[in-house]
Amino acid sequence: PGTFIPNPGGQVFATNSTRITNTNAVTDALSGVAKVEVEAIGKNAAGITVSATSSVTPTNGTFTIDLPDGITDGYVTISLTATDKAGNVSSTETFTALRDTIPPILTLIKRDPAKNPQGWNKVKVEVEFNATDTPPRAGVPASGVKEYIDEKKTIVNEDIQRTVTCYAVDNAGNQSNTIEENVWVDKSPPVIGDLPEKVRGS
């Protein structure tokens, strides 16, 4: 999983994995791509630079990059050089990846109005969640919240017993905690049926 996200120095690819799959990333119109030389450079938990080099053979232009062993969350610089089957060598292309394995934290920020002691409401109810994406470590930004599933904000306005469920996913593919909020709405008053006739005295 992963997503390209804006960055002050240009777009970076956010991921929570130690492997990055590049789809249709390299092509050659005639002889075909023979190999791609890959170099990935990042840091380990001690802040020491670690690197990995590999030579991969793409399948229909798609190949996978393995990040260095021991790499921690943070920026990774990846350089690619392709060679076709005729021996022609491409220029070296470089991109930046952001490895982020910290999931967002989801909270319930609104439930209006509150439920009564029996757990019910007699008017429409608004429920809203918010996710905060924590930076993976000092000096490294969070990849940012990408989407909410099912919904960030829900309005329940019909007579129903419903469980509103939500979780968030960040741009690196990390999933937050899931919150389930029971919303029971009953806006219809009770109905008194037929009563027996009043017993009259003789």
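**Strand pairing, cores and odd backbone spots**

User: E10 and E12, how many bridges join them, and do they run parallel or antiparallel?
Analyst: E10 and E12 are joined by four bridges and run antiparallel. This is a predicted model, so read everything below as computed from it.

User: Which residue in E12 is the bridge partner of Glu-126?
Analyst: Ile-155 is the bridge partner of Glu-126.

User: What's the strand order in that sheet?
Analyst: It is an open sheet of three strands, ordered E9-E10-E12, with antiparallel pairing. E9 and strand E12 (153–156) are at the edges; each has a single partner strand, so one side of each has no neighbour in the sheet. On average, neighbouring strands here are turned by 15° against each other, direction ignored.

User: And the sheet with E11, E13 and E14, what's the order there?
Analyst: The order is E11-E13-E14, again an open sheet of three strands with antiparallel pairing. The edge positions go to E11 and E14, each with a single partner strand, so one side of each is left without a neighbour in the sheet. The average turn between neighbouring strands of this sheet is 25°, direction ignored.

User: How many bridges between E13 and E14?
Analyst: Seven, with strand E13 (residues 160–170) and E14 antiparallel. Within that pairing, Val-164 has Glu-181 in E14 as its bridge partner.

User: What about E2 and E8, parallel or antiparallel?
Analyst: Parallel, over three bridges. Phe-13 stands opposite Ala-97 in E8.

User: Are the faces of E2 covered or uncovered?
Analyst: Both faces of strand E2 (residues 12–15) are covered. Val-12 and Ala-14 are on one side, Phe-13 and Thr-15 on the other, and all are buried.

User: Now E6. Which residues are on its covered face and which on its uncovered one?
Analyst: Phe-63 and Ile-65 make up the covered face, Thr-64 and Asp-66 the uncovered one. E6 also pairs with strand E3 (residues 19–22) in the antiparallel sense, over four bridges. In that pairing Ile-20 has Ile-65 as its bridge partner.

User: Switching to packing. Which residues touch the most other members of the largest nonpolar core?
Analyst: Val-36, Val-38, Phe-63, Ile-65, Leu-67, Ile-78 and Leu-80, out of 19 residues in that core. Two or more residues each come from strand E4 (33–43), E5, E6, strand E7 (74–84) and strand E8 (93–99). So Phe-63 and Ile-65, on the covered face of E6, are both in that list.

User: What does Val-36 touch, leaving out residues up to four places away in sequence?
Analyst: Val-26, Ser-54, Ser-55, Val-56, Pro-58, Phe-63, Leu-80, Thr-81 and Ala-82. Apart from this core there is another, of 12 residues, including Phe-129, Ala-131, Cys-166 and Val-185.

User: How many aromatic pairs?
Analyst: The count is one. Trp-120 and Trp-184 form the pair, which is tilted, with 5.3 Å centre to centre and 55° between the planes.

User: Where do those two sit in the chain?
Analyst: Trp-120 is in the loop between E9 and E10, and Trp-184 is in strand E14 (residues 179–185). They are 64 residues apart, and the pair links distant parts of the chain.

User: Is Trp-120 buried or exposed, and what about Trp-184?
Analyst: Neither term fits: Trp-120 is partly exposed at 28% relative accessible area, and Trp-184 counts as partly exposed at 26%.

User: What lies over the face of Tyr-148?
Analyst: Lys-152, at 5.7 Å from the ring centre.

User: Backbone next. Which residues does the cis bond to Pro-113 join, and what's omega?
Analyst: The cis peptide bond joins Asp-112 and Pro-113, with omega about -5°. Pro-113 is in the loop between strand E9 (105–112) and strand E10 (125–132).

User: And the bond from Ile-149 to Asp-150, cis or trans?
Analyst: Cis, with omega near 5°. Asp-150 is in strand E11 (residues 145–150).

User: What's phi at Asn-60?
Analyst: Near 55°, which is a positive value in a residue other than glycine. Asn-60 lies in the loop between strand E5 (49–56) and strand E6 (63–66).

User: Is Asn-60 buried or exposed?
Analyst: Asn-60 counts as exposed, at 70% relative accessibility.

Conventions: Residues are numbered from 1 along each chain as its sequence is written. This is a predicted model: local features need pLDDT of at least 70, side-chain atom pairs count only at pLDDT 80 or more; totals for chains, interfaces and linings use all residues. Side-chain values use heavy atoms; hydrogens and water are left out. Buried means under 20% relative accessible area, exposed over 50%, partly exposed in between (1.4 Å probe, protein chains only). A nonpolar core is a set of buried Ala, Val, Leu, Ile, Met, Phe, Trp, Tyr and Cys residues joined through side-chain atoms within 4.5 Å. Contact means heavy atoms within 4.5 Å. Rings of Phe, Tyr and Trp (its six-membered ring) pair if their centres lie within 6.5 Å; planes under 30 degrees apart count as stacked, over 60 as edge-to-face and the rest as tilted. A charge sits over a ring if NZ of Lys or CZ of Arg is within 6 Å of the ring centre and within 35 degrees of the ring normal. Two strands pair if DSSP finds at least two bridges between them. Axes are lines fitted to C-alpha atoms, for helices over the stretch in contact, and angles run from 0 to 180 degrees between N-to-C directions.
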